[in-house]
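Got a few minutes to poke at a model together? Here is a short round of questions and answers to go with it.

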Amino acid sequence: MKFKRIKNFICIALCGVMVLASSPLSYATEKEEKTEESKEEKKKTTSLEAATAELQKMQEALKGAKELVNKLKGSEKEAKEKIEEIQNQIEDVDDALKKLEGSIEETEAEIEKTKKELEAAEAEKDRQYADMKKRIRFMYVNGDGYYLEMLLGSTGVANLMNQVQYIESINQYDRSKMDEMIEIVEEINDIKAVLEEEMAKLEEEKKAQEESRAALEELENVRQKELAGIESELVDAESVAKAYEEEVKAQNEIISQIRAAEAKKGGGSASKIDDRYGFLWPCPSSTRISSDYGPRTAPTSGASSNHKGIDISASHGAPIVAAQNGTVAVAATSPTAGNYVMIDHGAGLYTVYMHCSGFAVSAGQDVIRGDTIAYVGSTGVSTGNHLHFAVSVNGEYTNPWGYVSQ
């Protein structure tokens, strides 16, 4: 009986020891599981925080781009107003030049008319002078014999007086006519001189107006070049602002996709990458890079000027392959990326394949490194057939050259 009690006591004691021994182990396991869950939750939070931080950067850049656009629009308006003012001045000068040209034509006509009058008066003066010389020469040659002949041929005193008076009248007429013609010639010469002086002034004023017009045209050309530069900068700035807007949209979409993908995984975010092999080149048919990662001039309105991936030029329909093992998180269409595929490789790492002509996979499908997932195209904001390949780590784009090589 006593032995039985001792046996029972030992059994109870052993059971207690076993319970005590097993309890810390169970507690440790639960703690580790919670720690892993906490790590996964932290990774998920870090991924979203990184994506949100990137979004804030883009929004700041977008704000700056829009401010630049508004500033350039103000400069464009000011330049256009200055050009309009110059054009109005040119029109005023043109009006003045037209009036001057009209005055010059009238003055030229007056000068031409005066020249003809002067020529006529000079001719008349010369004729009068020639006639007078003939009469003087006749009288000088014939001398007193002429007067004696007139005296002897007179029928009386009255007739004689008439003959003498006639000769005297001819002499007076010649003198007065000659004086009159000299006066007319001098008057016409004076008028001609005045007209020529007025013509010189008009020509000088016309020259000044033409120089003024040339200066205004040169100034207008300068302003037009300034305006062209402003308009070019404005187009670039609007393109950059548009690109930032699209990138903000794309980043919002990425955040949503990360949240959705992480929610679906429910904590199972272990890496799916096969460590035995590196990342595969995503476009087997081509290695030609048409636009590299990083800052660039936007190739078309709405395209990014801070390139978040690498563009691989290839023929339409060429196969696009998965760079690594993973799960297709997204196979959809957007205005910017066109048809695109996003593959989740675990641990917050995603690869993105944009501007596809069509899909070979669907969301939720597991893929192996080298599997065909889509085909090269030019959908979305694109200037030609190519693959835009990007890598996102924890919601933030990173340089793909750190993962792939040609």
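**Salt bridges, charge and cores**

K201 and E197 sit 4 residues apart in helix 2, so about one helical turn lies between them. Keep in mind that this is a predicted model.

Q: How far apart, N to O, are the side chains of K201 and E197 in their salt bridge?
A: Being 4 residues apart in helix 2, these two are separated by about one helical turn. K201 is exposed, with a relative accessible area of 54%, while E197 is partly exposed at 48%. Their side chains meet in a salt bridge, and the N to O distance is 4.0 Å.

Q: Which residue forms a salt bridge with E78?
A: Look within helix 1, 4 residues away from E78, because that spacing is about one helical turn. E78 is partly exposed, at 42% relative accessible area, and the partner also counts as partly exposed, at 30% relative accessibility. The closest N and O atoms of the pair are 3.3 Å apart, and the partner of E78 is K82.

Q: What is the N to O distance in the salt bridge of E217 and R213?
A: E217 and R213 are 4 residues apart in helix 2, so they are separated by about one helical turn. E217 has a relative accessible area of 32%, which makes it partly exposed, and R213 counts as partly exposed at 22%. Their side chains meet in a salt bridge with an N to O distance of 1.9 Å.

Q: Which residue is linked with R213 and E217 in a network of salt bridges?
A: The side chains of R213 and E217 meet in a salt bridge. That pair belongs to a network of salt bridges, and the residue linked with them there is D94.

Q: How many salt bridges does the structure hold?
A: You've already met several, including E78 with K82 and K201 with E197. For the structure, the count of salt bridges is 7.

Q: Which helix gives the largest share of the negative patch?
A: The negative surface patch is formed by ten glutamates: E101, E105, E106, E108, E110, E117, E198, E203, E210 and E211. Helix 1 (2-153) and helix 2 (157-265) each supply at least two of its residues. The largest share, 6 residues, comes from helix 1.

Q: Is E210 buried, partly exposed or exposed?
A: E210 is one of the residues of the negative patch, and its place is in helix 2. Its relative accessible area is 41%, and since the middle class runs between 20% and 50%, E210 is partly exposed.

Q: How far apart are the C-alpha atoms of I90 and A215?
A: I90 has its place in helix 1, and it counts as buried, at 6% relative accessibility. Along the chain, I90 and A215 are 125 residues apart, yet the separation of their C-alpha atoms is 9.6 Å.

Q: Which elements give two or more residues to the largest nonpolar core?
A: This core has 25 residues, of which I320, V341, Y353, I373 and F389 touch the most other members. The elements giving two or more residues to the core are strand 4 (310-313), strand 7 (338-344), strand 8 (349-356), strand 11 (372-375) and strand 12 (386-393).

Q: How many residues are in the second, separate core?
A: Among its members are L72, L227, A237 and A241. This second core is separate from the one just described, and its size is 10 residues.

Key. Residues numbered from 1 in each chain as written. Predicted model: local features only at pLDDT ≥ 70, side-chain atom pairs only at ≥ 80, totals over all residues. Heavy atoms only, no water. Patch = residues over 30% accessible without salt bridge, like charges linked within 9 Å, V, L, I, M, F, W, Y side chains within 5 Å. Areas by Shrake-Rupley, 256 points an atom, 1.4 Å probe, with all protein chains shown as cover. Lys, Arg positive; Asp, Glu negative; His and termini not counted. Charge placed at Lys NZ, Arg CZ, Asp CG, Glu CD. Buried < 20%, exposed > 50% of the residue type's maximum accessible area, 1.4 Å probe, protein only. Core = buried A, V, L, I, M, F, W, Y, C linked by side-chain atoms within 4.5 Å.
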